[in-house]
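Work through the exercises below with the model open. Each task is followed by its solution.

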Amino acid sequence: MVVSLTFTTLTTSATLTTFTTKMKKLEDLQQIISNAVTKLSFPTHPAELYEPIKYILSIGGKRMRPALLLMACDLFGGKVEDALSPALAIEVFHNFTLMHDDIMDNAPLRRGRTTVHERWNQNVAILSGDVMLIEGYKLMMQVENRLLRQILDIFNNTAVGVCEGQQIDMEFEQRNDVVIDEYINMIRLKTAVVLGGALKIGALIGGAELKDAELLSDFGEHLGIAFQLQDDILDVYGDPEKFGKLVGGDIISNKKTYLLIKALELAKDEKALELTDLLINKKFENTEKVKAVTDIYNSLDVRQYAETAMQCYADKAFKALDEINLPDDHKQYLRDFADGLMVREN
């Protein structure tokens with residue numbers, strides 16, 4: 001099966017200079033990615049293979065991961081256009097994982113739109129996702145030959161890590177003895193390694209030394225863990241109008257989050273029995289369950305534990321950043337980005 005995917009370069013010679021004269025704002029880089037996604041071209045036949053790919057990519061999203069790849073390239077003085085193909089590879093790969101995750105989760109919606117397996121069927125979603133993974137590799141292979149082996153190794157490790165993280169997360173659903181260290185490793189694999197991998201690839205394309213690229217990857221991984229811990233907190237304590245999804249959804253589904261694992265660790269005697277009953281008993285209404293579990297979290301100061309852990313990983317991210325050989329204004333840019341990521345309501 002021969003598959004072709006091409007994209008039209010977004011920039012003219014007149015605009016290429018502006019890409020490298022100063023650091024770009026993250027939102028500008030996100031827009032570059034969004035524009036580039038619309039330029040991706042797919043065959044028209046067989047339609048049920050390629051239409052789902054166009055569909056899921058058109059749904060949008062923050063385009064954060066590919067934008068970070070461009071940002072890393074820019075920070076080390078590289079040309080953003082040189083990093084555009086691998087950045088698109090990260091975005092295509094990310095959406096491939098979402099397409100397959102939605103099947104495994106039996107999710108009806110993705111970003112407010114019908115999921116691919118619901119709009120078509122599971123077999124279509126599986127096969128279209130497979131093609132997306134292949135197309136991600138084709139885009140990643142458009143880097144310079146001198147960097148190709150090194151960058152493919154990073155991409156391979158990132159992709160395997162995401163799959164391992166997803167499998168571990170699914171196994172957690174059947175376990176009641178998950179501990180915090182296991183959970184942190186799971187979110188590192190499932191979420192944070194993509195941030196770290198994208199930053200490392202972008203840095204190498206931008207001309208960074210390997211040591212600095214690895215430190216930037218560490219920055220991204222630790223920040224990604226902190227970001228997920230914050231998401232756990234927001235799921236319980238966020239403002240429903242700002243969070244963008246159902247507050248308490250993790251509680252309703254008994255999802256193993258930092259807060260639940262910590263509560264199970266700390267709860268004793270009657271409180272432990274009450275929490276266990278809330279998790280296994282189907283008699284509770286959703287609102288009743290969310291309130292009762294949240295009350296237990298509050299009594300055990302679980303939110304404070306989660307916020308302390310989140311800050312710990314944010315500090316590790318900043319420690320890695322301090323060691324990177326970048327100009328101070330570039331580091332401040334990354335600090336401001338991290339601060340903005342961690343101070344959020346959605």
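**Exercise 1.** State what phi Gly-60 takes and where this residue lies relative to H3.

Solution. Gly-60 lies just after H3 and takes a positive phi of about 100°. The model is predicted, with local features needing pLDDT of at least 70 and side-chain atom pairs counting only at pLDDT 80 or more, while totals for chains, interfaces and linings use all residues. Residues are numbered from 1 along each chain as its sequence is written, and side-chain values use heavy atoms, leaving out hydrogens and water.

**Exercise 2.** Describe H3 and its packing.

Solution. Step one: helix H3 (a DSSP run of H or I, at least four residues, numbered from the N terminus) covers residues 47-58. From first C-alpha to last, its twelve residues reach 16 Å, close to the 16 Å expected at 1.5 Å a residue (1.5 Å times one less than the number of residues). Step two: among its buried residues (under 20% relative accessible area, 1.4 Å probe, protein chains only) are Leu-49, Ile-53 and Ile-56. Step three: the buried residues of H3 pack against partners including helix H2 (26-39), helix H5 (84-105) and helix H7 (122-140).

**Exercise 3.** Which residues does Phe-219 touch, not counting residues up to four places away in sequence?

Solution. With contact meaning heavy atoms within 4.5 Å, Phe-219 touches Leu-199, Ala-317, Ala-320, Leu-321, Leu-334 and Ala-338.

**Exercise 4.** Where is confidence lowest, and where highest?

Solution. By pLDDT (the predictor's confidence in each residue, from 0 to 100), the lowest mean is 36, in helix H1 (residues 13-21), and the highest is 98, in helix H13 (residues 258-266). Over residues 1-21 the pLDDT is below 50. Where pLDDT is low, predicted coordinates should not be read in detail.

Methods
Helix = DSSP H or I, 4+ residues; strand = E, 2+ residues; numbered from the N terminus. Buried < 20%, exposed > 50% of the residue type's maximum accessible area, 1.4 Å probe, protein only.
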